[in-house]
Amino acid sequence: MYPAHQNQHDASPPRPRRTSGLRLKFVLLFSLILIVTCSTLSWYFLETRHEAMTANLDEMGTILLTNTVRNDHFRVAGIILEDRTTLDQFLQSLMTIDHVVYVIITGSDGRLLSRQSKRMQDIGRTPSLAPPSPIYPDDQLSDSLTHIPLTTPLITRLVWSSDHTLIPQQTASDWLVPFLIRKETLYDFAMPILRDNTPLSSPSIELEDNRKVPSPSTQSQVVGIVRIGITDAQAKAALSLIVRNVLILTAFIIATGILIIYLLTSRITTPLRSLAAATRKLAEGEDTTGLPVSSQNDEVGQLTHAFNVMTQSLRDRNQAIGKNLDTIRQQIRQLTTIHQASTTIANTTLFDRNNLLDTVLHLIVENLGFTRMMVVLQTQEQTHASIARIVGVSHEIVEGVQRLHVPIIDNGGITAELLLHGKAVLVHDVETATHRFYPPLLELVRRSGIQSFVGAPLQSHGKILGYLAGDRGTHRCTDEDLHTLVTIAGHVAAAIDNATAYADLAELTQHLEERIEQRTEELSQANAQLQEHDRRRSKFLSVVSHELRTPMTAIRSFAENMLDGVTGPLTDLQQTYLTRVQHNVARLSRIIAQLLDWSRLDTKRVDLRLEPVCLHQIATIAVDSLQTVASEKQVSLVVVPSESLPLVLGDRDKLEQIFVNLIGNAIKFTQPGGRVWVESCVSSPDVVQMCVADTGCGIDETHLANIFEEFSKVPSAMPSSQGAQLGLWITKTYVTMHHGRIWVESQPGAGSHFYFALPTRKSPDQPQPNPNEPVSADYTQHGHMSF
């Protein structure tokens, strides 16, 4: 992995401690829901079955007792009640029913007429002489019914007590039903036997428990009471079987559901765990392979597929980043080498060309991976080329190439391509381009083991000085190597050109010094003053030749002496040429003065001494200082009066120089008899605007966009008046430092109007001038500055 990734890995937070997983949470949640749901449904089903069983027993006992009591034999004066044999037979027929436990018939006076029971009482654990006795319910209920002539059965639930007697059962809560199903319960159905004396239309009284009692006036006579006991043992046995089956089925459903939930959750969480593990590895900087996609139809499969696509994208991006980093590192090495070469060129003695070439070639070999480098230079006649310097080869080859001269012929060869046409050359395989090599040079290439190489011409000021070539040994050269070499070749060509020029200048200076000394010796006997002047001139030229400074002063001195007749009579043509030289020297002096201002603005901080000033007052001072210049050229120069202007916050000297530059340019480019004037106004409540206008030659519209650029090459109808064209740039810079703007309106032959506007001292929206801000401005196509 890359260092950046390693840093991310080192700075990653500790892995969180693992708690209960998502699968466990899902299983617990859905299992709880399943258990509650199945338990609720099972309880509801059992409760419904229990209620249905109870209802069935109630219905059976009611029907059985009602049919017994309403038997015609019991309703006819109770004759059957006195017939004990018939009564016993009737009870035996009832006892044949499975659910019937006992049958009891008592008279209206409480006398027991007949009874039978299927349950026997076990008196004790030890054998007893008395046989077991049947079990019957308490007779208190029968006594109470003799006074209440009910027409519907009275149902009472009875359970076995600890002394093997039947007692009424307290009503159990519904949720206790499953715990009571093993305990036998008897349903006691009791109903009086009535002798029917009630008319058909006699009313009856309905009790709260839905039992109907005849009204007192028409009440029937109770002749006996019938009680039938029905057990729920068979129903509870069936219900127990149902409960068991339901519990087994519920447990099976819950277990199956939990298993299904576990499998389904595992199907979801297992890919998620894999995704989490892969994501953690990816965050830690480890390389991860693609995860298997279980299904493309569900969200988990889509998420896994998206993760695989993301992982592949990250892998591709990391590879691209790695390649880009390698490219950046290589470009940094190239830029470093170019910078070091440029620094070496700047620091190396200009006359020591060989030392310069050796240093640059070794820098290229050490930093850019080239194996061999060489510089080939043309001769002065430009008919042959020789190898000036070569590195990376044996000493024998170096000695051999010093005697090698390659002819420069336009024969389609590599030498002609580089030195005649100035085109860079990239040869991937030398053996495929042997026909393009000069034979001795091809032999040198083969002896050096060069298989592929690049060459870049050394061009300076449109002139081809030679070429720079190199190779990478067993590796093939690439287009990138060619581009790098072309860039370095430009710097090397400039250095070689400068070294050659300075060498020629030194030679020329030395030759000129010798001639001046010779000429001074010849004229020393004619005039002592001239000898002293020649001595000073010789000394001056000696200093110039040594220090290489101020050549302009020597040129101006020579021109003035020759115009004064020191060297003898001059022809008219010589007089004209020397006058032009003198004029151009004076022009050059002005240019140097502007260059000094330009260099001061370009390399140093210019401090503004800010104070409230009036632009109209400063314009008047500048006009007064230039009246003499305007009068010499017969140009009218005035300041147009104006009302009081708001004060601006500015530097008085810099503002005065702005006016001097603009007014001086206007006078310079205005013909004799013309006019120059200065106007002022308030263009807005917060801006003061000044205008310097003239009736001069004007400026073509196509050049207005470049008028304020430094060293702008704007043609003029008066070329003799042009200088270095830095004055307007300096003016624009001062205006910009005061947070103002400057522009021009002009037409050829119609004069020019230069405007500049500055914010007032109390302007709330304009920023106050700050001398510490860098000077920068951008101009539109028409010369207006945009902020």
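## A bend in a long helix

The bend at a residue is the angle between axes fitted to the seven residues ending there and the seven starting there. In this predicted model, helix 7 shows a kink of about 30°, and the kink is centred on Ser266. Helix 7 covers residues 233-283, which makes it 51 residues in length, and from its first C-alpha to its last it reaches 71 Å, a span close to the 75 Å expected at 1.5 Å a residue.

## The chain as a whole

The secondary structure of the protein chain comes to 20 helices and 25 strands. The protein chain has 787 residues, of which 39% count as buried. Among the contacts in the chain with a separation of 6 or more, 67% are accounted for by residues 24 or more positions apart.

## Strand 10 and its partner

How much of strand 10 is buried? Strand 10, which spans residues 221-231, has ten of its eleven residues buried, so this strand is largely enclosed by the rest of the structure. Strand 1, made of residues 100-107, pairs with strand 10 in the antiparallel sense, and seven bridges are found over this pairing. Within the pair, Tyr102 stands opposite Gly229 of strand 10.

## The surroundings of Phe189

Phe189 belongs to strand 7, which runs over residues 186-195, and with a relative accessibility of 0% this phenylalanine counts as buried. When its neighbours within four places in sequence are left aside, the residues in contact with Phe189 include Leu57, Leu65, Pro153 and Ile155, and also Val226, Ile228 and Ile230. Val103 is 86 residues away from Phe189 along the chain, yet the C-alpha atoms of these two residues are separated by 9.5 Å.

## Strands 14, 15 and 16

Strand 15, residues 453-460, is largely enclosed by the rest of the structure, because seven of its eight residues are buried. On one pairing, strand 14 (residues 425-427) meets strand 15 in the antiparallel sense over three bridges, and here Val427 has Phe453 of strand 15 as its bridge partner.

Strand 15 also pairs with strand 16 (residues 463-471), again in the antiparallel sense, over eight bridges, and in this pairing Leu458 is matched with Gly466 of strand 16. The two strands form a hairpin with two residues between them, and in the turn His461 has a positive phi of about 55°.

## The nonpolar cores

In soluble globular proteins, nonpolar side chains tend to be buried together. The largest nonpolar core of this model holds 42 residues, and the members that touch the most others are Leu615, Leu637, Phe659, Ile663, Val678, Met690 and Phe756. Helices and strands alike give two or more residues to this core, among them helix 17 (615-625), strand 18 (636-639), strand 20 (675-684), strand 21 (687-694) and strand 23 (752-759). Helix 19 gives the most to the core, with seven residues.

Which residues does Ile663 touch, not counting residues up to four places away in sequence? Ile663 touches Ala622, Val623, Leu626, Leu637, Val678 and Val692. Apart from the largest core lies another core, of 28 residues, which includes Ile390, Val425, Leu444 and Tyr467.

## Strands 18, 20 and 21

Strand 20 takes part in two pairings of opposite sense, since strand 18 runs parallel to strand 20 over four bridges, while strand 21 runs antiparallel to strand 20 and is joined to it by eight bridges. In the parallel pairing, Val638 stands opposite Trp677 of strand 20. In the antiparallel pairing, Val676 has Asp694 of strand 21 as its bridge partner, and the two strands form a hairpin with two residues between them.

## Cysteines without a disulfide

A disulfide is a covalent bond between the sulfur atoms of two cysteines. How many disulfides does a search of the whole structure find? The search finds zero. For Cys681, the closest cysteine sulfur is that of Cys691, and because the two sulfurs are 8.4 Å apart, they are too far from each other for a bond; the cut-off for a disulfide is a pair of sulfur atoms within 2.5 Å.

The surroundings of cysteines can also be described by accessibility. Cys681 has a relative accessible area of 33%, so this residue is partly exposed, whereas Cys38, at 11% relative accessibility, counts as buried. The limit that matters here is that buried means under 20% relative accessible area.

Notes
Residues numbered from 1 in each chain as written. Predicted model: local features only at pLDDT ≥ 70, side-chain atom pairs only at ≥ 80, totals over all residues. Heavy atoms only, no water. Expected span 1.5 Å × (residues − 1). Buried < 20%, exposed > 50% of the residue type's maximum accessible area, 1.4 Å probe, protein only. Pairing = 2+ DSSP bridges. Contact = heavy atoms within 4.5 Å. Core = buried A, V, L, I, M, F, W, Y, C linked by side-chain atoms within 4.5 Å.
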